[in-house]
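User: I've got a structure open here and would like to go through a few of its features with you. Can we start on the inside and work from there?

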Amino acid sequence: MRELFCPSSVVVIGVSERRENLGKEIAGNFLEFGFTGILHFMGLEGGCIFGRKIHLSLDEIDEPIDLAVILTPAKTVPGLVEECGKKGIRRVVIESGGFGEYGESGLKLGEELVNIAKQYDIRFIGPNCIGIINFVNGLSTPFTTLKDVFRRGGVGIIAQSGGVALSLLNMFDNEQLGFSKFAAIGNKLNIDENDVLEYYLEDPDTSVICLYLESIRDGRRLTQIARRSEKPIVVHKSNIGTKSHVIAQSHTQALANDDMVVEAALSQAGVVRFRDMAGYLDFVKILQLPSMNGRNLAIVSRSGGHAVIAADAAHLYGFDLPPFSRDFLEEVRRHLRADVIRLANPLDLGDLFDFEVYVRIIEHTLQQDTVDGILFLHTYFAAIEGESSRHLLKAVAELAGRYDKPVALCVATESFEMSRLHKEFDFPIFMAPERAVQALDRSIQYHRRRAFLRDHPDGDQPLPAAQAESIRDILQESTGRKRPPLLHECLEVIRLAGLNVPDYSVVQADYEIIQRTEGIREPHAIKVVADGISHKSDTGGVVLGLNDRDAVRHGCREMFKRLSELEVSGVHGILVQKMVPRVPGSLEFIVGGKRDPYFGPMVLLGHGGVFVEILAKTSLRMAPVLPDEVEEMIEELPGSEIFRGVRGRPPIDREALKKSVLNIANLMVKFPEIDQIDVNPVIVSSRGAYAVDARIFLRNPGDAV
């Protein structure tokens, strides 16, 4: 990637003297941004622009070339890339449209392009993009006419859309955020967001990485890169509709749609994901401030109404408003004009008009050990208090740096004055207290997640070799017979993986009933073992609470008879399973796994049994998971307070539930042939956890991991 962003020489292909020519705009941007390398132009019509010759072919250029930028009709691009390969050019930006986004003919052109690039070991960005900008060396490939008005700084942009990428430039520039690198990657036929992301992590000029993505081709790699990043990674992921247009074959598949996977995986890897540009911008702004070490927030406001709004926002986002000391409040009171305002946190300074005192109040507040950060709300009219307010805001910004605590400035003034503040300040200013508080909250969450990732190693756990081999034998048996594992095979797999499974046996025919049920003395359940039955209860294939041997035998005979009358195909027998004693306070959960085509193995936890679809909010993580991450999953479920025990109910055995989730996660990691797992219900009491039913679906050969 460094060769792409830091070339010594560049050729722009598709340049002409014609007024409407976009290649000429690319050339102009190189000159506008002051590209420090050697620049060549090439076009079929020849001629001269900007005092430089337009070469008719690459052969006319005797010097070595590091990078080619191509903007010509799509059908000409593969041939031009091949010419680049023969010339020794190994990095290309292809801005031409008309490939996969255009239709079948464009797809074929794209395949040809990929094959040629592979033949010559060429890496390229695009096609259908506006390319890259390096704000350090003046490399600028967009075909949109630009002016070099941008502040240099630490923001690196990666966007799938050229239009969104340019809007990010405008949006951040309005807030005086400076840029290091820019990449609009288009169709991603070769270089994708992960390649650029890895480069930005190593780039000394980039400190914050901002992405806009409509699709994620290799989510597993993205999260692996993000986990090791010490630089904030912020993503606006759009196009959130599920791609699962077929009826799900398991609860897990139905409960874990594509955007849930994206949300869980990115969050787990420490990536901050947004669905709106306002929140996205506010978070990037708040990163300029020191992080809050806790959730104790002081609100200082010139307006009582704004103070109330800010206090409401603080409450909604879980901030504490610690009381100020009596001595401090008495000192503030000495400066009030009418002394008609009750002083507290939030601190209403509406009766105070000395801005120098404001500064002393902010400084004294930052000195308090009980305060982790400040939200300062200031409102004024520029014609009356413009100069004094700007002085105040600069003084407050300086205090935040001196005391290493954030002061979120929220200003209400005229639009022209706000524009002036944005131009003169390199300190973030927020337009509304709610947005400032939300940004502070996301900042705390981000820094806590980064600290967690630094302190926790990989969550993968070994599986004893003998058990792993036995699991593989069961899965291979099912694959060989071209069917999913049967119920008893599924139970054996999860038992070998480490889950507690009640004792069971399989009655394969009517004549085996007496032999298989001889030792029964406790309540048992019976369940049909058959191919292709998703919900056994729909065919009367489950009977619970058979209290003794005779009841079990009678139930088995009746079930065989019923299945025969219904002409249920693929019946392999009846599973006779010991029932889990119902301990007061027991709860049912679903523990599942799915293999996402972009993020790989995932693990799911939700309420189980009859509530699996009623309480459909579930918790999802990439596998493998850490014990602390499973604890987070448990807390995310609706009604998690019940799990700790309420109104005489004992608490559930959380460690047993965590072990079940960890084992299913590891099973998904260790056995890539597994596509989906449902373990439902897992019955958890104060005395342990038992998995009483399970389904496993295998991947077809050749499926993506």
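User: How many cavities of 30 Å³ or more does the structure hold?
Analyst: Keep in mind that this is a predicted model. With 30 Å³ as the cut-off, the count comes to one cavity.

User: What volume does the largest cavity have, and what classes of residue line it?
Analyst: Its lining includes L177, L421 and F425, along with E175 and K285. By class, that lining has six nonpolar, two polar and two charged residues. As for the volume of the largest cavity, it is about 40 Å³.

User: On to helix 11: does its end-to-end distance agree or disagree with the expected span?
Analyst: Helix 11 runs over residues 304–316, so at 1.5 Å a residue its 13 residues should span 18 Å. The end C-alpha atoms sit 19 Å apart, so the two agree.

User: Which exposed residues does helix 11 carry on the face turned away from its buried side?
Analyst: Start with the buried ones: A307, A310, A311, A313 and A314. They cover an arc of only 160° around the axis, so they lie on the same side of helix 11. Cover for them includes strand 15, strand 17 and helix 16. The face turned away carries V308, H315 and L316.

User: Is G138 buried or exposed?
Analyst: G138 is in the loop between strand 8 and strand 9. Leaving out residues up to four places away in sequence, it touches F30, F33, G34 and F35. Its relative accessibility is 2%, and under 20% counts as buried, so G138 is buried.

How values were computed: Residues are numbered from 1 along each chain as its sequence is written. This is a predicted model: local features need pLDDT of at least 70, side-chain atom pairs count only at pLDDT 80 or more; totals for chains, interfaces and linings use all residues. Side-chain values use heavy atoms; hydrogens and water are left out. On a 1 Å grid over the protein atoms alone, a cavity is a set of points where a 1.4 Å probe fits but cannot get out, and a pocket is an open set with protein on both sides within 12 Å along at least five of seven lines; lining residues have an atom within 4 Å of a point. Grid points are joined across faces, edges and corners, and a volume is the space filled by probe spheres set on the points. Ala, Val, Leu, Ile, Met, Phe, Trp, Tyr, Cys and Pro count as nonpolar, Asp, Glu, Lys and Arg as charged, and the others, Gly among them, as polar. Helices (H or I, at least four residues) and strands (E, at least two) are DSSP runs, numbered from the N terminus. The expected span of a helix is 1.5 Å times one less than its number of residues. Buried means under 20% relative accessible area, exposed over 50%, partly exposed in between (1.4 Å probe, protein chains only). The arc is that of the directions from the helix axis to the C-beta atoms. Contact means heavy atoms within 4.5 Å.
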